[in-house]
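Please work through the exercises below with the sequence and the coordinates open side by side. Each task is followed by a solution that proceeds in steps.

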Amino acid sequence: MKAAVLHAIGDMRVEEMPMPEIREPNDVLLRVRAVGICGSDIHFYTRGRIGDFILETPTIMGHESAGEVVEVGPAVKHLKPGDLVAIEPGRTCRKCDYCHGGRYNLCPDVIFMGTPPVHGAFCEYVVWPADFCFKLSEGMTAEEGAMMEPLSVGMHACRLGKVKAGDSVGILGSGPIGLTALMAAKAHGATAVYITDMVEARLEVARSLGATATINVAEKDAVDAIAELTGGRGVDVALDCVGSTDTLQQCFRIAKTGGAVQIVGMPAEMYPQIPIYDLINRELTATGTFRYANCYPASIAITAAGLANVKALITHHFSLDETPQAIAWVHENRDKVIKAIVHP
Ligand SMILES: [Zn+2]
Ligand SMILES: [Zn+2]
C-alpha cells in the first residue's frame, strides 16, 4: 500500500509499505478515507520530536482519521464491511486502573497513532481494534469522521471543565481546538461563549458557529474585553486553547471567582508563571486536559444532530501523494488554514 512516511526532519516520502494484516480477533482492516493534518504532525515534521517521543525509525504520521471497514476479525460484532467509522487513535491496555476507571486516556500503555514508532493514518489501509472504531451516523462523511478527533478534544475539555446549561465560557484561541471547544460548549448548553484570536478569518468562522462575541486580540486585550462583556464578573469556565504563557495567565484572570480554568493547549515552557493569587484567593479550579476518553460517541451524536458543524473548519484538501508538500505548506501558512484534510 501507499503511505506518507516521515524519515527525518523535513523528509517525508510517499512510498510502498507492507499491507497491514488483521492479527487479533477484535481487529478490523480499514480503507482510510480522510485524515486531518494536526499541529503534532507538523511538529514531528519540523522538529522530529514532541517531548519524549522522538522520531528514530521511519513512521507514518496522522491520527485524525476516518475509514471504511474492509474486513473484520472473527470477534467483531458491531461493524461490517462497508461501514464508515471514525478511528480513535489511542488504543489502550484495557487492564489498568485508568482503563477500568473510565479515564483510559491516562493509560500508561496507550499506543497512539502517528506518534513514533507507532504508524498513523496517512496511508491507504490501517488495522485497528474494533472497539476504537466508531460507526458514523447515516449521512455523515469521512471528512466529518476525521474531525471527530479534534471535536473529542473540545468535548473532553468541556466535560472536565463541567460546562453546563446557562454557563458563560471564555475560549482563548480559535484554532481547530478552540473552535471545536466552542461547538462542544454550546452543545453542553453554554449560552454565552466568548472567543479570541488574532486572525480575523478564524473569528469569522467562530461567529458562524454561534460565538456570542469574538475578540481580536491584535486590537483588544482579552482580559479587558471579557471583563467588559461579563460586567466584571468573569466567565464560568475559561479554556486556554492556545498554549502560550500569555493565554494561560489570561485564563486565570477571565475566570469568575470560584470558576474553572481548563488548560488544553500545551505551553512551550515547563514552568510558566501563573497568577497563583487568583487561583488561591478566588478558589479557581484549574485542570489539565489530555486528549479524551469516551468522547467519540457523543461527538458523532452532536455532529449528526446538527449541533457541531465540523465542516466549517475544513479549509483545504490534499491527496495522499501531496501529503509531504501539504504538511510543509500548512506549516508555512498557518494563518490561512484551519483544518486541512488528506484524502488517501
Ligand atoms: Zn490532532
Ligand atoms: Zn490501561
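The exercises that follow concern a predicted model, and they treat its zinc sites, its strands and a few individual residues.

**Exercise 1. Describe the surroundings of the zinc ion (ligand 2): which atoms coordinate the ion, and what is their arrangement?**

Step 1. Begin with the donors, which are the SG atoms of C93, C96, C99 and C107, found at 2.3 to 2.4 Å from the zinc ion (ligand 2).

Step 2. Turn next to the angles: the 4 donor atoms subtend 106 to 114° around the zinc ion (ligand 2), and the arrangement is therefore tetrahedral. The cut-off needed for this step is that all angles lie between 85 and 135 degrees.

Step 3. Locate the donors along the chain, where their spacing reads C-x2-C-x2-C-x7-C.

Step 4. Check the accessibility of two of the donor residues, and you will find that C93 and C99 are both buried.

**Exercise 2. Describe the site of the zinc ion (ligand 1): which residues coordinate the ion, and how are they spaced in sequence?**

Step 1. The coordinating atoms listed for the zinc ion (ligand 1) are SG of C38, NE2 of H63 and OE of E64, at 2.2 to 2.4 Å.

Step 2. In sequence these donor residues follow the pattern C-x24-H-E.

Step 3. As for accessibility, H63 and E64 are both buried.

**Exercise 3. Place strand β16 among its partners: which strands does β16 pair with, and in which sense, parallel or antiparallel?**

Step 1. Strand β16 spans residues 235-240, and 6 of its 6 residues are buried, so that the strand is mostly covered.

Step 2. One partner is strand β13 (residues 168-172), which runs parallel to β16 and is joined to it by 4 bridges; here L172 stands opposite D240.

Step 3. Another partner is strand β17 (residues 255-263), also parallel to β16 and joined to it by 5 bridges, with A238 standing opposite V261. Between β16 and β17 the chain passes through helix α8 (residues 245-254), and this β-α-β crossover is right-handed.

Step 4. Continue from β17 to strand β18 (residues 285-288), with which β17 pairs in the parallel sense over 4 bridges, and note that T285 in β18 is the bridge partner of A260. The chain makes this passage through helix α9 (residues 276-281), again as a right-handed β-α-β crossover.

**Exercise 4. Find the order of strands in the open sheet that contains β1, and identify its edge strands.**

Step 1. The sheet is formed by 3 strands in the order β2-β1-β6, with antiparallel pairing.

Step 2. Its edge strands are β2 (11-16) and β6 (59-60), because each of them pairs on one side only.

Step 3. For the pairing of β1 (residues 2-8) with β2, count 6 bridges between these antiparallel strands, and take as an example A3, which stands opposite E15.

**Exercise 5. Decide for T196, F132 and G234 whether each is buried or exposed, and describe what surrounds them.**

Step 1. Take the cut-off first, since buried means under 20% relative accessible area.

Step 2. T196, found in strand β14 (residues 192-197), has a relative accessible area of 4% and is therefore buried. Its side chain reaches the backbone nitrogen of G173 at 3.0 Å, and, beyond residues up to four places away in sequence, T196 touches several others, including I171, L172, L203 and A222.

Step 3. F132 lies in the loop between β11 (125-129) and β12 (133-135), and because its relative accessibility is 5%, F132 counts as buried. Among its contacts, with neighbours within four places in sequence left aside, are E88, R91, R94 and Y104. Although F132 and Y296 are 164 residues apart in sequence, their C-alpha atoms are 9.0 Å apart in space.

Step 4. G234 is found in the loop between α7 (222-229) and β16, and at 7% relative accessibility G234 therefore also counts as buried. Leaving aside neighbours within four places in sequence, G234 is in contact with S168, I254, A255 and K256. The C-alpha atoms of G234 and F252, which are 18 residues apart along the chain, are separated by 9.9 Å.

Methods: Residues numbered from 1 in each chain as written. Chains lettered and ligands numbered in written order. Predicted model: local features only at pLDDT ≥ 70, side-chain atom pairs only at ≥ 80, totals over all residues. Heavy atoms only, no water. Buried < 20%, exposed > 50% of the residue type's maximum accessible area, 1.4 Å probe, protein only. Helix = DSSP H or I, 4+ residues; strand = E, 2+ residues; numbered from the N terminus. Pairing = 2+ DSSP bridges. Right-handed = clockwise from strand over helix to strand, strands pointing away. Polar contact = N/O pair within 3.5 Å; in protein donor to acceptor, adjacent residues only side chain to side chain. Contact = heavy atoms within 4.5 Å. Donors = N, O, S within 2.8 Å, 3.2 Å for Na, K, Ca; no water. Tetrahedral: all angles 85-135°; square planar, octahedral: opposite > 155°, others 65-115°.
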